Amino acid sequence: MSEALPGPRALLHLLFNGARAVDVVETALRLGLLDALEPGPVTLAALSERHGLVPTRLDKFLDCLESLGLVRRESPPEARGELRYAAVPGLRAAAEAVLGPRSQERDRETYAWRELYGHLPEVLRGERSVSPRSFDWPPRTPEQVAGFEASMAAGLGPIVETFRAHADALFPAGTRLLDVGGGDGSLAAHLLEARPDLRVDVYNLPTCEPLVERTRRARGLEGRLGFVAGDFLREPLPNSHDALSFVRVLHDWPEDTAHALLRAAFEALPPGGRVLICEEFRTPERLAAQFFWSYFLMGVDSCGSRLRDVAFYTRALPALGFREVRVLPGPFELVTALRP
């Protein structure tokens with residue numbers, strides 16, 4: 001594995017060259033170099049010959065990847081001075097997820113972040129904001145709703161993987177799940193395809209109903225994917241479901257609102273009913289992945305989105321009366337608890 005960066009100066013050098021660094025990684029992905037480097041180690045000569053590249057230029061290119069901490073090089077004694085290179089494990093998948101044509105970061109580029117760029121002193125003093133016509137919270141126009149929900153659906157991969165890993169235990173036969181704030185129904189559709197005996201209703205603002213209807217038709221889920229219109233900030237949650245899920249919902253609201261929503265879930269669930277919470281809990285890696293939203297939402301006071309430590313939920317749930325609080329492993333951890 002590569003060593004840690006030597007200090008803040010090195011990090012700032014890399015940040016200043018961020019666009020060029022992305023160009024290097026995108027090129028390594030596009031040329032297939034990551035497919036050779038990740039299983040590595042591989043020699044410079046072998047890489048050059050396999051991909052038709054000029055060795056002296058490739059050598060400098062690999063230095064760029066090494067400076068980013070993505071490639072390590074070694075010179076074993078038997079190599080007689082010939083360097084060998086290997087990528088850190090998982091680099092190929094990470095590059096595709098972050099830089100690929102359908103990545104979350106590509107989607108985020110469509111947001112009006114340039115309204116803030118170069119003006120952060122004014123933003124921090126409260127003199128400049130993202131205009132409501134560009135982004136409003138909660139989304140108000142049909143165009144804003146559709147754009148936001150499409151953005152949320154783009155990042156569902158790790159969440160779906162976690163849910164599928166635990167689906168048998170979470171959703172016994174005949175379970176009826178209410179996905180609170182469930183967007184356009186994309187997550188619900190994945191769950192329904194994994195569990196043929198599951199029924200899911202998306203609970204969301206009325207403006208989301210056409211989006212869920214579109215997902216229902218496109219995925220052939222008539223009779224299994226439903227929609228319940230409502231506003232969880234102003235109305236009690238429906239009380240006719242065996243389980244309630246909050247997926248990337250609670251962290252968008254202040255702590256008192258999150259507590260109120262968990263209390264509403266407790267009141268809506270029957271004895272033995274389950275609450276499920278899945279979002280990006282606060283870790284260094286996830287805080288890095290959240291960088292765009294931390295930056296962009298500085299200019300949107302109505303959205304308090306901040307990553308929370310998982311302990312916030314493991315403390316809050318028992319205090320509200322939930323029992324058997326568990327944190328299930330996965331790409332995104334999943335917190336579950338039962339109403340006694």
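Me: I am starting with helix α16. Which residues are exposed on the other side of α16?

Reply: A nice place to begin! R315 and A319 are exposed there. Please keep in mind that this is a predicted model. Here, exposed stands for over 50% relative accessible area, and buried for under 20%.

Me: And which residues in α16 are buried?

Reply: The buried residues of α16 are F312, Y313, A316, L317 and L320. Looking down the axis of α16, you would find these buried residues within an arc of 115°, so they line one face of the helix. R315 and A319, the exposed ones, are on the other side.

Me: What covers the buried residues of α16?

Reply: The cover includes helix α13 (255–268) together with the strands β8, β9 (323–328) and β10 (334–338). Just after α16 comes G321, and its phi is positive, near 110°.

Me: Now to the rings. How is a pair of aromatic rings described?

Reply: Two values do the job: the distance of the centres and the angle of the planes. In this structure there are 18 aromatic pairs. Take F281 and Y313: their ring centres are 5.7 Å apart and their planes stand at 55°, so this pair is tilted.

Me: Where do F281 and Y313 lie?

Reply: F281 is in the loop between β8 (274–278) and α14 (284–289), while Y313 belongs to helix α16 (residues 311–320), so the pair ties together parts that are 32 residues apart in sequence. Both F281 and Y313 are buried.

Me: What kind of aromatic pair do F292 and W293 form?

Reply: That one is edge-to-face, with 5.2 Å from centre to centre and 80° between the planes. F292 and W293 are both buried too. You can also look at how pairs join up: ring pairs link F292 and W293 with Y111, F135, W137, F232, W253 and F296 into a cluster.

Me: Where does the charged end of R308 sit?

Reply: It sits over the ring of F312, 4.8 Å from the centre of that ring. There is another case to look up: R339 lies over the face of F266, at 4.5 Å from the ring centre.

Me: Let me turn to sheets. How do strands of a sheet pair?

Reply: They pair through backbone hydrogen bonds, and the pairing is either parallel or antiparallel. One open sheet here has seven strands, in the order β6-β5-β4-β7-β8-β10-β9, and its pairing is mixed. At its edges stand β6 (225–229) and β9, each with a single partner strand, so one side of each has no neighbour in the sheet. From one strand to the next, the twist averages 20°.

Me: In which sense do β8 and β10 pair?

Reply: β8 and β10 pair in the antiparallel sense, over five bridges. To see one spot of this, find L276, which stands opposite T336 in β10. Then look for helix α10 (residues 157–170): α10 lies across β7 (243–247), β8, β9 and β10, and runs at about 160° to β8.

Me: What is the order of the open sheet that three strands form?

Reply: Its order is β1-β3-β2, and the pairing is antiparallel. Here β1 and β2 (71–74) are the edge strands with a single partner each, so one side of each is left without a neighbour in the sheet. Two bridges join β1 to β3 (residues 84–87), and V42 has Y85 in β3 as its bridge partner.

Me: I would like to try single residues. Is T43 buried or exposed?

Reply: T43 has 17% relative accessibility, so it counts as buried. You will find T43 in strand β1 (residues 42–43). Not counting residues up to four places away in sequence, T43 touches E82, L83 and R84.

Me: And where is Q290 found?

Reply: Q290 is in the loop between α14 and α15 (291–296). With 3% relative accessibility, Q290 counts as buried. Leaving aside neighbours within four places in sequence, Q290 is in contact with E280, S305 and L307.

Me: Last one, for the whole protein. How many helices and strands are there?

Reply: The secondary structure comes to 16 helices and ten strands. Of the 340 residues, 45% count as buried. The C-alpha trace spans about 70 × 50 × 40 Å along its principal axes. Among contacts with a separation of 6 or more, 67% are between residues 24 or more positions apart.

Technical notes: Residues are numbered from 1 along each chain as its sequence is written. This is a predicted model: local features need pLDDT of at least 70, side-chain atom pairs count only at pLDDT 80 or more; totals for chains, interfaces and linings use all residues. Side-chain values use heavy atoms; hydrogens and water are left out. Rings of Phe, Tyr and Trp (its six-membered ring) pair if their centres lie within 6.5 Å; planes under 30 degrees apart count as stacked, over 60 as edge-to-face and the rest as tilted. Helices (H or I, at least four residues) and strands (E, at least two) are DSSP runs, numbered from the N terminus. Buried means under 20% relative accessible area, exposed over 50%, partly exposed in between (1.4 Å probe, protein chains only). A charge sits over a ring if NZ of Lys or CZ of Arg is within 6 Å of the ring centre and within 35 degrees of the ring normal. The arc is that of the directions from the helix axis to the C-beta atoms. Contact means heavy atoms within 4.5 Å. Two strands pair if DSSP finds at least two bridges between them. Axes are lines fitted to C-alpha atoms, for helices over the stretch in contact, and angles run from 0 to 180 degrees between N-to-C directions.
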